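Colleague: I am new to reading structures. Could you take me through one, feature by feature?

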Amino acid sequence: MFTLYKKRDFSDYVSDTFQFFRETGKHYFSNYFKICGVMLMVLVVLSYFLFQLYFDFFLNFDPSNNNAGFMQNLIQNNAAVIFLGAIFMFLFIVLLSMLNYAIPVIYMDLYDKNKGNNFETKDVLNIFKAKFGRIIVFFLGLLFLITPLLMFVFVLLVLLCFILIGIPMLLFYIPAAVSWITLSFYEYLNHDKGFFESMGSGFKHVKNQFFPNVGALMIMYIIIQISMSVFTIIPYMFGMASMLTSTQGGEPMNNDSLSTVKIMLTIVMVVSMLMSYVLNNLLLVNQGLVYYSQREHNENISSQDSIDLIGSE
């Protein structure tokens, strides 16, 4: 069984994240794809057609042929359909994001309570349904209260970059903000605290081990970006090669080459979006280990469990 409650440092946060998936990855992703798999496939299909439309207009844009006027007329004539489709897409992405964000938190809590992965997908879903209202409240608070604050600080740090001091601060700002939000969400769901109380607890967790935590999160970001590049570089290079070979001699691309480039670019965008959702589990589990490590620092839970085991024997 993987040990959640453990005092960790920088290297432990990175290595234990992969150790967690080595020991429980099959069970974890089995539950994840059973819950999110259909929605991810719907997202892939919808994104494919949307990116196809976008690249079809972008690659064929010609002001002399009044493409812009054609697009404007298309939008005006189908305003109701486009508006309803945009609302559906927005709500769909919000629901998928809530699921994607909540599953690691719920999974690790069940793993802790069951002393292992002897639970089923329905257990994860039951907790998600029971706490769906609280999850919505957290996301609304994040959207309307925390996001404006984070944007204000971000703009301030960008301005400070002109005097150089903002550059190192900006480098750590984004992972620190992500860590603060994620650790607050762990507190919010696992302890049924209020929104502001959870944000305060999350801030304390970030502050207690700032550099090990933020540094490990930055490493995870780098690993994710490299992994996404591996999945997208082949279709991207193929598309670029087709475009370059088709424009040799200054001649414009023919329809077949243009279609190939459009498909390759669409695949790159869709795969990037899909992988961002899947690989985001690495970040969330990594921050889960930070959360349980902080609880171990504050509560000595593993020591208490050992004493209880001795007493039971």
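Colleague: Which exposed residues does the face of α4 turned away from its buried side carry?

Modeller: First, a caution: this is a predicted model. Now the general idea. A residue counts as exposed over 50% relative accessible area, and as buried under 20%. On α4, the face turned away from the buried side carries exposed Lys122, Lys129 and Ala130.

Colleague: Which residues of α4 are buried?

Modeller: Thr121, Val124 and Phe128 are buried in α4. They cover an arc of only 65° around the axis, so they sit on the same side of α4.

Colleague: Let me try another helix. How far apart are the end C-alpha atoms of α7, and what span should its 14 residues have?

Modeller: The idea is to count 1.5 Å a residue. The 14 residues of α7 should then span 20 Å. Its end C-alpha atoms are 20 Å apart, which agrees.

Colleague: And which residues of α7 are buried?

Modeller: Phe195, Ser198, Met199, Ser201, Gly202, His205 and Val206. Their arc around the axis is only 165°, which puts them on the same side of α7. Turn to the other side of α7, and you find Phe196, Glu197, Lys204 and Lys207 exposed.

Colleague: Let me step back to the whole chain. How many helices and strands does the protein chain have?

Modeller: Its secondary structure comes to ten helices and zero strands. Reading from the N terminus, the elements run α-α-α-α-α-α-α-α-α-α. The protein chain has 313 residues, and 42% of them count as buried.

Colleague: What share of the contacts comes from residues 24 or more positions apart?

Modeller: Take the contacts in the protein chain with a separation of 6 or more. Residues 24 or more positions apart account for 77% of them.

Colleague: Can you show me one such pair?

Modeller: Try serine 293 and lysine 7. They are 286 residues apart in sequence, yet 5.1 Å apart in space, C-alpha to C-alpha. Serine 293 lies in helix α9. It touches Leu4, Lys6, Lys7, Arg8, Tyr13 and Gln209, leaving out residues up to four places away in sequence.

Colleague: Is serine 293 buried or exposed?

Modeller: Compare its value with the cut-off. Serine 293 has 0% relative accessibility, so it counts as buried. Aspartate 16, in helix α1, is judged by that rule too. Its relative accessibility is 9%, so aspartate 16 counts as buried. Beyond residues up to four places away in sequence, aspartate 16 touches Phe2, Lys6, Arg8 and Leu289.

Colleague: Now the nonpolar core. How many residues does the largest one have?

Modeller: A nonpolar core joins buried nonpolar residues through their side-chain atoms. Here the largest has 68 residues. Those with the most contacts inside it are Leu4, Phe20, Cys36, Met108, Ile135, Phe138 and Phe185.

Colleague: Which helices each supply at least two residues of this core?

Modeller: α1, α3, α4, α5, α6, α7, α8 and α9. α3 gives the most, with 14 residues. Apart from this core lies another, of five residues, among them Phe51, Val261, Leu265 and Val270.

Colleague: What does phenylalanine 20 touch?

Modeller: Skip residues up to four places away in sequence. Phenylalanine 20 then touches Phe2, Gly25, Tyr28, Tyr107, Met108 and Val285.

Colleague: Next, empty space. How much lies in the largest pocket?

Modeller: A pocket is open, while a cavity is a space from which the probe cannot get out. About 910 Å³ of space lies in the largest pocket. Of the 24 residues that line it, Ser97, Tyr101, Phe139, Leu142 and Thr147 are the closest to its centre. α3, α5, α6 and α9 each supply at least two lining residues. α5 gives the most, with nine.

Colleague: And which residues line the largest cavity?

Modeller: Val105, Ile106, Asp109, Ile127, Lys131, Leu189 and Asn190. The largest cavity holds about 40 Å³ of space. The count of cavities of 30 Å³ or more comes to one. α3 and α6 each supply at least two residues of the lining. The largest share, three residues, comes from α3.

Key
Residues are numbered from 1 along each chain as its sequence is written. This is a predicted model: local features need pLDDT of at least 70, side-chain atom pairs count only at pLDDT 80 or more; totals for chains, interfaces and linings use all residues. Side-chain values use heavy atoms; hydrogens and water are left out. A nonpolar core is a set of buried Ala, Val, Leu, Ile, Met, Phe, Trp, Tyr and Cys residues joined through side-chain atoms within 4.5 Å. Buried means under 20% relative accessible area, exposed over 50%, partly exposed in between (1.4 Å probe, protein chains only). Helices (H or I, at least four residues) and strands (E, at least two) are DSSP runs, numbered from the N terminus. Contact means heavy atoms within 4.5 Å. The expected span of a helix is 1.5 Å times one less than its number of residues. The arc is that of the directions from the helix axis to the C-beta atoms. On a 1 Å grid over the protein atoms alone, a cavity is a set of points where a 1.4 Å probe fits but cannot get out, and a pocket is an open set with protein on both sides within 12 Å along at least five of seven lines; lining residues have an atom within 4 Å of a point. Grid points are joined across faces, edges and corners, and a volume is the space filled by probe spheres set on the points.
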